[in-house]
Amino acid sequence: RQPQSRELRFTNPRSAAAEKGIINLLYRFPEQFRQMPVTGEQFSSDALGRLFDTLSEQLKTEGNISVPALSERFTQDEMSLLTDIISRDDITPQAADAAMKDYINTIQEENNKTAEPDDLRSYAEKLKKRKGYGTSNGI
């Protein structure tokens, strides 16, 4: 589900769903997920990445996550988004590890999809330089 605010819209709904899932699990089961193999930089949504990084940092420094303490750091729209995310309780503690792995895999897959065009461009540039394609003295 897309947030009401246009500033918080998601460009990659699949990745955003996984990002929301990670934030939810981090909030609901902090003792299970103190060490995370992803960062907010890897999130497709800047708002979700910021929420994740802030929750992770609060967990590391304070040992718990306090939503009221976060209200100073986020806009009302962001707090509304956070409240919506953490209110879901459809994953049991027993299923949390498997869900987290799925969410992380989804984020990494989506990151790889967006990285591919840059990789192809850099590969094409290497070929141009090495073979002389696209230059005046090339083929």
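This short talk walks through the fold of one chain and then its salt bridges.

Good morning. A word of caution to begin. What you see is a predicted model.

Let's start with the overall layout. The chain has five helices and zero strands. Read from the N terminus, the order is α-α-α-α-α. There are 139 residues, and 39% of them count as buried.

Now the contacts. Take those in the chain with a separation of 6 or more. Of these, 67% are between residues 24 or more positions apart.

And the surface? The chain exposes about 8,900 Å². Carbon and sulfur atoms supply 47% of that area.

On to the charged side chains. How many salt bridges does the structure hold? The count is five. I'll take three of them in turn.

Begin with Arg 14. Its side chain meets that of Glu 109 in a salt bridge, at 3.1 Å from N to O. Find the two on the model. Arg 14 lies in helix α1, residues 13–28, and Glu 109 lies in helix α5, residues 96–131, so this pair ties together parts that are 95 residues apart in sequence.

Arg 14 has a second partner. The side chain of Glu 110 also meets Arg 14 in a salt bridge, here at 2.5 Å, N to O. Again the pair links distant parts of the chain: Glu 110 is in helix α5, Arg 14 is in helix α1, and 96 residues separate them.

Are these residues buried or exposed? Arg 14 is partly exposed, with a relative accessible area of 39%. Glu 109 is also at 39%, and it counts as partly exposed. Glu 110 has a relative accessibility of 7%; buried means under 20%, so Glu 110 counts as buried.

Let's put that corner together. Which residues are linked with Arg 14 in a network of salt bridges? They are Glu 109, Glu 110 and Lys 113.

Now move to another pair. The side chains of Arg 50 and Glu 78 meet in a salt bridge, with 2.7 Å from N to O. Where do they sit? Arg 50 is in helix α2, residues 46–62. Glu 78 is in helix α4, residues 76–86. The two are 28 residues apart, and the pair links distant parts of the chain.

Check the exposure here too. Arg 50 is partly exposed, with a relative accessible area of 37%. Glu 78 is buried, at 9%.

To recap: the chain has five helices, and the structure holds five salt bridges. One of them ties α1 to α5 through Arg 14 and Glu 109. Another links α2 and α4 through Arg 50 and Glu 78. Thank you.

Notes. Residues numbered from 1 in each chain as written. Predicted model: local features only at pLDDT ≥ 70, side-chain atom pairs only at ≥ 80, totals over all residues. Heavy atoms only, no water. Helix = DSSP H or I, 4+ residues; strand = E, 2+ residues; numbered from the N terminus. Buried < 20%, exposed > 50% of the residue type's maximum accessible area, 1.4 Å probe, protein only. Contact = heavy atoms within 4.5 Å. Areas by Shrake-Rupley, 256 points an atom, 1.4 Å probe, with all protein chains shown as cover. Salt bridge = Lys/Arg side-chain N within 4 Å of Asp/Glu carboxyl O.
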